Every structure is written in C-alpha cells, then in structure tokens.
Amino acid sequence: MNALPVLTDVPVLQTPRLVLRAPALADFPAFLSYSTSERSRFVGGPKPPHAAFEKFAGMIGHWALRGFGRFVITDRTSGDALGHVGPLQLDDAVLPELTWTLWSEAAEGKGFAHEAAQAVNTWFFGPFGCKEAMAEVQRGNSRSHALAKRLGGVAWPDGPKGWMDDGIVYRFRVKFATSSN
C-alpha cells in the first residue's frame with residue numbers, strides 16, 4: 001500500500017503539555033467515539049459514523065481550501081489525541097470562527113482547551129495575520145462560554161449567526177487574542 005499523503009504546510013504548535021498538529025487518520029477512532037456520543041450535542045451530534053468521517057475529512061480539507069484550520073490537540077507525553085482546536089470558515093462573508101472541543105470527559109477540567117486555544121489564537125492573530133474572528137457557542141454550553149470569555153471574547157448580540165439556532169456569538173479582535181487570564 002502506498003503511503004498516505006500528509007498536510008505539510010500545517011504548523012506544529014507546542015505548549016508545555018500539548019502538541020497541536022494536523023489531523024491524521026490515526027486520530028479518527030478517538031474523534032469517532034466523540035462524534036457518536038452525547039458529548040457532541042453542542043455541535044450537532046451525536047452523528048452516525050459516516051457523518052463523523054465526513055466531518056473529520058472536512059477538517060483536513062479545510063487546511064487545503066483556506067490555508068488555516070483546526071489542529072488536533074495531543075498530549076505531549078503520551079501522544080494521545082485529546083480533541084481539536086482552531087479556526088473554521090465555512091462562508092467567505094462571515095468571519096472565521098474559533099473552535100475548541102475536547103473529545104473525552106477524561107480530558108475535561110485540566111485546562112487543556114484553554115492552553116490549546118491560547119496557543120492557536122497566538123498563532124492565528126500573530127504570524128498568520130488574522131485581525132478579527134468570532135465564536136458561536138450554544139446557550140447551554142457553560143464551559144465553552146467561560147472559555148470564550150477567558151480567551152478575551154466579548155458577547156456580540158448583533159454578530160452573525162451561523163448554524164446554531166440558539167447560539168451566542170463572541171467577537172475576538174487582535175488586541176484581545178493573546179490574553180493570558
């Protein structure tokens with residue numbers, strides 16, 4: 001069998017505990033477990049396995065189409081895939097959306113999402129050159145609301161609504177993007 005192609009222009013970001021890198025097929029089993037579970041309820045799940053694969057493939061393809069995208073969050077010591085984080089832009093007319101997701105309950109409450117999102121925001125609003133972004137969070141997702149605020153997001157009542165019927169939009173600008181609260 002021929003070697004699978006890899007995304008070569010995706011930066012690898014590192015924090016004291018994490019490595020953020022391009023999604024790879026080896027990450028799919030953990031993503032599938034998340035996507036088919038109740039954990040994915042705030043992002044349109046649970047999904048059937050074929051829809052989970054399409055979403056995962058879309059995460060990879062987004063890098064080729066936009067030049068930015070979501071990174072897989074991995075534990076720096078074990079290499080285990082813990083979730084994904086990074087910007088997403090489905091429509092040219094809407095700002096890029098900052099996203100963060102931990103795939104298992106075991107990864108919750110350890111600061112991984114904040115650490116990963118902070119590293120991505122530093123890159124996205126720094127070397128990549130983005131000036132403004134948004135995040136859309138379901139009303140009932142209290143952990144994501146807290147993280148959006150901790151990352152410097154400001155509620156944007158008139159902000160663009162994307163795919164969420166009951167979401168709250170947060171706006172992020174360069175001056176807010178590197179908050180280390």
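Where is the place of Pro-46? Select Pro-46 and you land in the loop between α1 and α2. Before you go further, keep in mind that this is a predicted model.

**Stop 1: the loop**

Stay on Pro-46 and show the backbone back to Gly-45. The peptide bond from Gly-45 to Pro-46 is cis, and its omega is near -5°. For background, most peptide bonds are trans.

Now pick Arg-41, which also has its place in the loop between α1 and α2. Is Arg-41 buried or exposed? Neither label fits: Arg-41 has a relative accessible area of 42%, so it counts as partly exposed. Add Asn-141 to your selection and draw a line between the two C-alpha atoms. Arg-41 and Asn-141 are 100 residues apart in sequence, yet their C-alpha atoms are 9.5 Å apart in space.

**Stop 2: the two helices on either side**

Next, colour helix α1 (residues 28–35) and helix α2 (residues 49–66). The two axes come within 9 Å, with a crossing angle of roughly 125°. That angle is why α1 and α2 are described as oblique to each other. Turn the view and you can follow α1 as it passes α2 in a right-handed crossing. To see who makes the contact, show side chains: α1 brings Phe-28, Phe-31, Leu-32 and Ser-35, while α2 brings Pro-49, Ala-52, Phe-53, Lys-55, Phe-56 and Met-59.

Zoom in on Ala-52, in helix α2. With 0% relative accessibility, Ala-52 counts as buried. Which residues is Ala-52 in contact with, leaving aside its neighbours within four places in sequence? They are Phe-28, Phe-31, Leu-32, Ser-35 and Lys-47. For a view across the model, add Asp-158: it sits 106 residues from Ala-52 along the chain, and 31 Å separates their C-alpha atoms.

**Stop 3: the aromatic rings**

Show every aromatic side chain. How many aromatic pairs does the structure hold? There are 15. One to pick out is Trp-63 with Trp-123, a tilted pair with 6.1 Å centre to centre and 40° between the planes. This pair links distant parts of the chain, since Trp-63 belongs to helix α2 and Trp-123 to helix α3 (residues 112–124), 60 residues apart. Both rings' residues are buried: Trp-63 has a relative accessible area of 7%, and Trp-123 has 11%.

Widen the selection around them. Trp-63 and Trp-123 belong to one aromatic cluster together with Phe-68, Phe-71, Phe-124, Phe-125 and Phe-128.

Then jump to Trp-156 and look at the face of its ring. Arg-171 lies over that face, 3.7 Å from the ring centre.

**Stop 4: helix α4**

Finish by selecting helix α4 (residues 142–150) and, within it, Ala-148. Is Ala-148 buried or exposed? Ala-148 is buried, because its relative accessible area is 0% and the cut-off for buried is under 20%. Setting aside neighbours within four places in sequence, Ala-148 is in contact with Trp-100, Gly-153, Tyr-170 and Phe-172. As a last selection, add Met-134: Met-134 and Ala-148 are 14 residues apart in sequence, and 9.5 Å lies between their C-alpha atoms.

Methods: Residues numbered from 1 in each chain as written. Predicted model: local features only at pLDDT ≥ 70, side-chain atom pairs only at ≥ 80, totals over all residues. Heavy atoms only, no water. Phe/Tyr/Trp six-rings, centres within 6.5 Å; stacked < 30°, edge-to-face > 60°. Helix = DSSP H or I, 4+ residues; strand = E, 2+ residues; numbered from the N terminus. Buried < 20%, exposed > 50% of the residue type's maximum accessible area, 1.4 Å probe, protein only. Lys NZ or Arg CZ within 6 Å of the ring centre and 35° of its normal. Axes fitted to C-alpha atoms, helices over the stretch in contact; angles between N-to-C directions. Parallel < 35°, antiparallel > 145°, perpendicular 65-115°, else oblique. Left-handed = near helix turned anticlockwise from the far one by under 90°. Contact = heavy atoms within 4.5 Å.
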